[in-house]
Every structure is written in C-alpha cells, then in structure tokens.
Amino acid sequence: MAKIVKKKKVGFVCQSCGHVLPKWSGMCPACNEWNSIVEEIVSTKPRVFSPVGAAPANSITGAEKPIRLSNVDTGDVIRFDVGIGELNGVLGGGLVRGSVVLVGGDPGVGKTTLLMQTLSNLSEKGVGVLYITGEESAAQLKMRGERLGINEEKFLVLFSTNLEEILDAVRGTLPKVVVIDSIQTTSTDLVESTPGSVSQLRAVAHELTSLAKQDGIAIILVGHITKDGSIAGPKLLEHLVDTVLYFEGGAEYPYRILKAHKNRFGPTDEVGVFEMGESGLTEVIDPTGFFLSERLESEPGSAVTATLEGTRTLLVEIQSLVVASPLAVPRRTSMGIDYNRVNIIAAIIEKKGGIELSHHDIFVNVAGGIKVNEPALDAALAASMISSYLDIPIPGDLILFGEVGLSGEVRGVSQGDKRVAEAKKLGFNRAVVPKRNADEPAMPKGIEVIGVKNIIGLISSLFGEGRGGKK
Ligand code: TYD
Ligand code: MG
C-alpha cells in the first residue's frame, strides 16, 4: 500500500537564497541576509511514495524515469557567434542556444550598448532577435542604434515591462535570441508585489528560464547592481541562470571589463576588454599594455607588474605616495587593490625590510582605474611604496612580480615565464621575479631576469645594497 507523507504547508523561505526555515528569523542563517525571510506556502500536494518493488504510485512518464548517465544524449551544444570576439570568449565560445545569461553592471557602464551591438551582429548573420526594453522607449533605442550604426531592418524591439506581453511577443515572433533590459523593470501579473521586488524577480526569472529551455531561445537578462557590487535582488537569480557576467569599469575611464562570474558552459576566469567610444564599444584585442598608456616613466612610487586575468596577462602600474604624516594614526588608502593587502605589505616592509613606515601616510592606486587582486602583485606593491619612501624611481624598463609572505620571503607565482614574455614583448628589459620563477627553464631569453628570495633582496636589487635591512 502506498504510504502518504504530508508535507508541511507553510515554511519560511529566504527570498535571497531560497533557504527554508521552520520559523521566522531576522537574518537568514544560510546567506546572512537580513529581513529576507518571508512566510510562503511550500507545498500543498501530498507526496506519495510506493513501497520498494511495487509499481509506481504516481503516473511517471518515460521522461521522468532516471536513466544511466552514460545513456544521456548531450546532443550538440549549439552556440551562436555573437560577432564580438571578447564576448564570445567570456561566454566560453559563443552564446549557447537555450541558455539564460544574466549581465550585471553599474548604470551607464554600457550594458544596453553592448547588447544592442550583439543583437545587431546576430541579426546580420540571420539569427532572429528581439530586444525588449522596459528602461528606454523604442525611440530612444532607435536614436542610440543610429549612433551605433546597427542593422535596423532585422532588429526587432518591444517596449514592455509586462512578462505576459513579453511571452506573447516572443511566441509571436519566434526569435532565437532575446534581450530583456532589465529584469528589474519586468513584472508578471501572477505576483502582486511591485516590479523589482524579490518575489517578482523570482517569478519572472523562473518563467523566462522555462521559456529558454523549452523553446531553445537564448535569453540575456540585464540586471542592475547594488552598492556592494552584487546583482540587485536575490542570489537565487544567480542560481537560476546558466551564466552570470559582470560588466565593470568607471564612467571616468573609457575601458570596460567583462568577467564571467558563473558559467555552466565555459570557464569563469575569462575576461573581455572593451573601450567605450563615440560609436559604442570596441574590443581591445590585445589589452596587455592597455593600462600603461599614460604612464610617466621613472617617477618615484611607480611600479609595473604583470597580472593574470584568465588567460590574459595585463601589465598594470601600481602607484604609491608615502609621506610623513602629521597624524597620530597615519592615513592609509588604496584604490583598485585590497586595502588589507596594503597594510600587510607595509608591515612586512617595516618589520622585515627595516624601513619604518609607521609614521607615514600611504596612498596606493592602480593606474587606469582597473581593480586587481592577486598575491603576485605584492612585490610591485612593496616596491612602489619603498620607491616613494626613498624618493628613488624604479627604472622604467623594469617589471616586478611575486608574492610576499609574512616572513618577508618572496614566493614563486604561477606562469612566471608567461608574465616575463609579455613584458618583453612590450619592450621591458628587466624583470625582478621570485628566485623560484627565475630558475624555471622556460624563462624567456633576451630579457634580464633577476631572481630575489626575500624583501631585502628585492630592495637591494632595485635601490642598491644597504637601503633596507634590520636595524
Ligand atoms: P548604456 O549602454 O546606456 O549603459 P547601461 O545600459 O549599462 O546603463 O551606456 C551609457 C553610457 O555610455 C553613457 O554614459 C554614454 C556612453 N556611450 C558612449 O560613450 N558612446 C556610445 O556610443 C554610446 C551608445 C554610449
Ligand atoms: Mg541600459
């Protein structure tokens, strides 16, 4: 006889991560979000289980039967070439048919621009496209389209903020790629709360994901970003979609970086670099030296390092200003690089390098407004601070990299040979690197490679013997 197990009717569900609690709580214990727990009907249908060996109690169709993983037909993943190499790369080799991609970024970063250019390219290749906007009128899009020089004939647009209207339009025009700009302005009649609210976002994203999977349509959702840099609304949104991309870059700088944060169809360490210009976004095909373009060579406090972003090597300039502080507690600020890292490196320079920084204000900046975060940056960070303190410039044709440990040791980093090779290509003649990397057989020839073991070695190789050292 079938055993009937009744499931609890109501539960308290975190609207951010979907965690279910037996009772209400101010903070979700799973994702630490405040005020996100809402009472919801979890399930009203009783679950029916059959005893082992008996015929199934529920009517299970063939599709629902478990099958061996080895028998699963993967089919061919069909990818659309979006006509923008940098975007194809970040997507893992093109836009996958039937996938849902969430593109997040600050207002004005260029999400609408990028996606209009993408749809225009696709439409030129004969792929049916539909751009749904709830943010700008169709007339505004047309004006922008003219500026971008997009193909207007095959580019379908719809101004709508209503999901049911959107679904009708999609079924009526049968596009292969749809952009919804934005998910926060779209709402469904099924949910009463205001557009952009958590339950609306959840319901809308759920419907659109089903549409993508059932009809094999690639759907790109635009998502706004909150102050802390995550996509506004529930983390659940990130779980629902296949791919999450973040578009970064400040309005004051022309460059934009597109990063994959999650990708079910490719790696997540790939980045795309773009430049925003008069007629939209253009790709920066070889961004290695892009962030060094305005560097003043041989200024004290400036150090160039090679950092890895996915398969890309970017050369970036770290700038420091170290000045005697009139304050009892000196100021430390950092832009583009982790503040804690700056403090740790300053402490290592003082304790292990013998250079006293505790009465100095320290300001650190990564030139060009790019954000970097990698232990391999430590050596350049340390060198730039010491260079500013000593008021001695680091030679303009020298790059550095290496992780600096708490004992003052300079540790090897991954792909040292690649970093040196890229620097050599851009005309650098010297590289100060961890000893371990310097000893690698693959280290390129034709560039002077100086291996250092610790912070004292780093200081003497750059500024001469006796500059640092324990007092
Ligand atoms: P937009 O794509 O509207 O950003 P988002 O959709 O992420 O809010 O980008 C708007 C910004 O880009 C705006 O500040 C103007 C600038 N821009 C250009 O510099 N060149 C252009 O060709 C276009 C279309 C926009
Ligand atoms: Mg926009």
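This passage walks through the fold of one protein chain, from the overall picture down to a few individual residues.

The structure is a predicted model. Its protein chain holds 11 helices and 25 strands. Of the 471 residues in the chain, 47% count as buried. The surface that the chain exposes comes to about 23000 Å², and carbon and sulfur atoms supply 53% of that area. What about contacts along the sequence? Among those with a separation of 6 or more, 66% join residues that sit 24 or more positions apart.

A good place to start is strand β11, which covers residues 177–181. Five of its five residues are buried, so the strand is largely enclosed by the rest of the structure. The cover is found on both faces: Val 177, Val 179 and Asp 181 are buried on one side, and Val 178 and Ile 180 are buried on the other. Strand β11 also has strands to pair with. Strand β9 (residues 129–133) runs parallel to β11, and five bridges link the two; here Thr 133 has Asp 181 as its bridge partner. With strand β12 (residues 218–224), β11 again pairs in the parallel sense, this time over four bridges, and Val 177 stands opposite Ala 218. Helix α5 (residues 198–215) joins in too: β11, α5 and β12 together make a right-handed β-α-β unit.

Helix α2 takes up residues 111–124. From its first C-alpha to its last, this helix of 14 residues reaches 20 Å, close to the 20 Å expected at 1.5 Å a residue. An α-helix has 3.6 residues a turn, so residues three or four places apart point the same way. Is α2 mostly buried or exposed? With 12 of its 14 residues buried, α2 is largely enclosed by the rest of the structure. The buried set includes Leu 114, Leu 115, Met 116, Leu 119 and Leu 122, and also Lys 111 and Gln 117. After the helix comes Gly 126, with a positive phi near 90 degrees.

Further along the chain, seven strands build an open sheet in the order β19-β20-β18-β17-β21-β24-β25, with mixed pairing. Why do β19 (332–335) and β25 (448–452) each have one side without a neighbour in the sheet? Both stand at the edges with a single partner strand, so one side of each is left open in that way. From one strand to the next, the twist averages 25 degrees. At the β19 edge, four bridges join that strand to β20 (residues 360–366), and the two run parallel. Within this pair, Thr 333 stands opposite Phe 363 of β20.

Helices pack against this sheet as well. Helix α9 (residues 416–425) lies across β17 (302–309), β18 (312–324), β21 (398–400), β24 (430–434) and β25, and runs at about 85 degrees to β18. Helix α11 (residues 455–463) packs on the sheet too, where it touches β21, β24 and β25. The direction of α11 makes about 145 degrees with that of β25.

One last stop is a loop. Ser 16 is found between β2 (10–14) and β3 (20–21). How accessible is Ser 16? Its relative accessible area is 5%, and because the cut-off for buried is under 20%, Ser 16 counts as buried. Ser 16 and Glu 33 are 17 residues apart in sequence, and their C-alpha atoms lie 7.1 Å apart in space.

How values were computed. Residues numbered from 1 in each chain as written. Chains lettered and ligands numbered in written order. Predicted model: local features only at pLDDT ≥ 70, side-chain atom pairs only at ≥ 80, totals over all residues. Heavy atoms only, no water. Pairing = 2+ DSSP bridges. Axes fitted to C-alpha atoms, helices over the stretch in contact; angles between N-to-C directions. Contact = heavy atoms within 4.5 Å. Buried < 20%, exposed > 50% of the residue type's maximum accessible area, 1.4 Å probe, protein only. Expected span 1.5 Å × (residues − 1). Right-handed = clockwise from strand over helix to strand, strands pointing away. Areas by Shrake-Rupley, 256 points an atom, 1.4 Å probe, with all protein chains shown as cover.
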